[in-house]
Amino acid sequence: FYVQPKKEKSVFKIVTISYPQMIKDMDTFFKAMAYLLKICHDKIEVIVVGNDHFNDVNKVPSADEIKAIAQNYNVAEKCTFIPFIERENLSALLNTTDVFISTSISETFGIALREAMMCGVPVISTKNGGAEDIITSENGVLVNLKDYKSIAENIVKIKNKEIVFDPEKIRQSVVVQSGTDAFYHKMKSFYES
């Protein structure tokens, strides 16, 4: 995961990585997208990565359950659903992204958040336990659980450059906390104690 210089484009891209379980709160995500479409009339692209079959690797990945949630909020036609993405292609996708959204009710480490941030992408996340350990005013925005209006309003602020982030600083915030050297020194200190 790396920072690639952003190219000028006419569409603002929002990405989330999730799955259709209560803990990921996709209802809040799609409620936020519906509200966003009411308050922002610019071109917006929403990419939803995730599928219904994380517990059964024998099934073909499908985003049908996620699409059904989007349809409940009348935003499915504004979204692109990617049931599965190869690891090497995820970085390329994130490098075309303007903001990453996480609406989880609970997170532990927050791998998807960190992957987006490693690509210099600002994150808007709910205060879900794990997000508070990594998100600061230099790399993203924290909102309360289920606060779909704050999610949408902060997307607009990022889009309109009312809030500006430095992609390299976003990346460094993760490297310093969770990078190879940081991990090595934390483990060395732990085992030497």
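Helix α3, spanning residues 87-94, is a good place to start in this predicted model. Four of its residues, Leu90, Ser91, Leu93 and Leu94, are buried. Seen around the helix axis, these four cover an arc of only 160°, and so they sit on the same side of α3. The general background is helpful here: an α-helix has 3.6 residues a turn, so residues three or four places apart point the same way. What do the buried residues of α3 pack against? Their partners are the strands β1 (12-17), β2 (44-49), β3 and β4 (99-102), together with helix α4 (111-118).

Let's follow one of those partners. Strand β3 covers residues 79-82, and Thr80 has its place there. Is Thr80 buried or exposed? Its relative accessibility is 38%, and it therefore counts as partly exposed. Leaving aside residues up to four places away in sequence, Thr80 touches Glu45, Val46, Ile47 and Val48. Ala112 lies 32 residues from Thr80 along the chain, and the C-alpha atoms of the two are separated by 18 Å.

Now for a pair of helices. Helix α1 (residues 26-39) and helix α2 (residues 64-72) have axes that come within 9 Å and cross at roughly 45°. The two helices are therefore oblique to each other, and α1 passes α2 in a right-handed crossing. Which residues make the contact? From α1 come Met26, Asp27 and Phe30, while α2 supplies Ile66, Ile69 and Ala70. Sorted by class, this contact has five nonpolar residues, one charged residue and no polar ones.

Technical notes. Residues are numbered from 1 along each chain as its sequence is written. This is a predicted model: local features need pLDDT of at least 70, side-chain atom pairs count only at pLDDT 80 or more; totals for chains, interfaces and linings use all residues. Side-chain values use heavy atoms; hydrogens and water are left out. Axes are lines fitted to C-alpha atoms, for helices over the stretch in contact, and angles run from 0 to 180 degrees between N-to-C directions. Angles under 35 degrees count as roughly parallel, over 145 as roughly antiparallel, 65 to 115 as roughly perpendicular and the rest as oblique. A crossing is left-handed if the near helix is turned anticlockwise from the far one by less than a right angle, and right-handed if clockwise. Contact means heavy atoms within 4.5 Å. Ala, Val, Leu, Ile, Met, Phe, Trp, Tyr, Cys and Pro count as nonpolar, Asp, Glu, Lys and Arg as charged, and the others, Gly among them, as polar. Buried means under 20% relative accessible area, exposed over 50%, partly exposed in between (1.4 Å probe, protein chains only). The arc is that of the directions from the helix axis to the C-beta atoms.
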